[in-house]
Amino acid sequence: MKNFTAILAALVLTCACNAALEENYNKQETRIESFITSQTNGHEDMRVVHNNGAHRIVLKEGEGEELQIKGNVAFYYAGYIFTGNSLGASNLFTTNKMDIATGAKWNLTEDECVPFVTELSEKEILKGLFNGLQGVKAGEECYILFSGKNGFGKHNFGTVPANSALCYHIWVDTISND
């Protein structure tokens with residue numbers, strides 16, 4: 001009977017934790033939608049793409065073919081812990097873009113400020129980036145936002161707390177679907 005009670009208590013605790021986590025992700029999605037609205041209001045030149053929990057605000061259109069799954073992409077990025085407020089040095093956790101690093105008073109070398117090259121595969125990048133990058137074009141500048149569910153999930157990553165919503169500012173250099 002003791003084992004049954006312990007198992008039942010663990011099950012109730014797990015359900016409560018999962019419900020709280022889902023509520024947190026829902027709040028993150030609400031903040032993301034508010035941010036999208038604030039960024040796009042009055043800007044007819046911007047468009048928003050939603051794909052499986054990732055939200056892409058296209059700030060500058062690219063040219064040529066769209067990136068497809070298993071295609072290769074090279075891009076510069078600035079990654080922010082998304083709290084619903086501004087994107088700046090206080091919530092920046094990664095970048096390979098020299099002007100962003102300099103503005104945040106980070107000391108990156110020229111060798112660290114080269115485009116990140118990867119295959120568009122869920123095995124290679126976060127699920128939120130995988131979904132957000134689908135369809136980008138060379139030369140595109142965008143924000144890709146997603147909840148912690150599509151980010152690092154229940155794992156801390158460097159200075160990024162577990163279950164954090166993220167925003168990546170992306171500057172696409174090249175794509176290849178060959």
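Okay, so a disulfide here means a pair of cysteine sulfur atoms within 2.5 Å. Keep that cut-off in mind, and keep in mind too that this is a predicted model.

How many disulfides does the structure hold? Zero. Take C142: the closest cysteine sulfur belongs to C167, and at 9.2 Å that's too far for a bond. C167 has C142 as its nearest cysteine partner, again 9.2 Å away, and it's in no disulfide either. As for where they sit, C142 is buried, with 0% relative accessible area, and C167 is buried as well, at 0% relative accessibility.

On to the packing. The largest nonpolar core has 23 residues, and the ones with the most contacts inside it are L129, L133, L166, Y168 and I170. Which elements give two or more residues to this core? That would be β3 (72-81), α3 (127-133), β6 (141-146) and β7 (166-176). Of these, β7 gives the most, with five residues.

Let's zoom in on L133 for a second. Skipping its neighbours within four places in sequence, L133 touches R56, L67, F75, L120, I125, I144 and I170. There's also a second, separate core of 10 residues, and C167 turns up in that one, along with I36, I57 and L145 among others.

Last stop, something polar: N51, which sits in strand β1, residues 47-51. Again leaving out neighbours within four places in sequence, N51 is in contact with N131 and Q134. With N131, the N51 side chain reaches the backbone oxygen at 3.0 Å. With Q134, it's side chain to side chain, a polar contact of 3.5 Å.

Notes:
Residues numbered from 1 in each chain as written. Predicted model: local features only at pLDDT ≥ 70, side-chain atom pairs only at ≥ 80, totals over all residues. Heavy atoms only, no water. Helix = DSSP H or I, 4+ residues; strand = E, 2+ residues; numbered from the N terminus. Polar contact = N/O pair within 3.5 Å; in protein donor to acceptor, adjacent residues only side chain to side chain. Contact = heavy atoms within 4.5 Å. Core = buried A, V, L, I, M, F, W, Y, C linked by side-chain atoms within 4.5 Å. Buried < 20%, exposed > 50% of the residue type's maximum accessible area, 1.4 Å probe, protein only.
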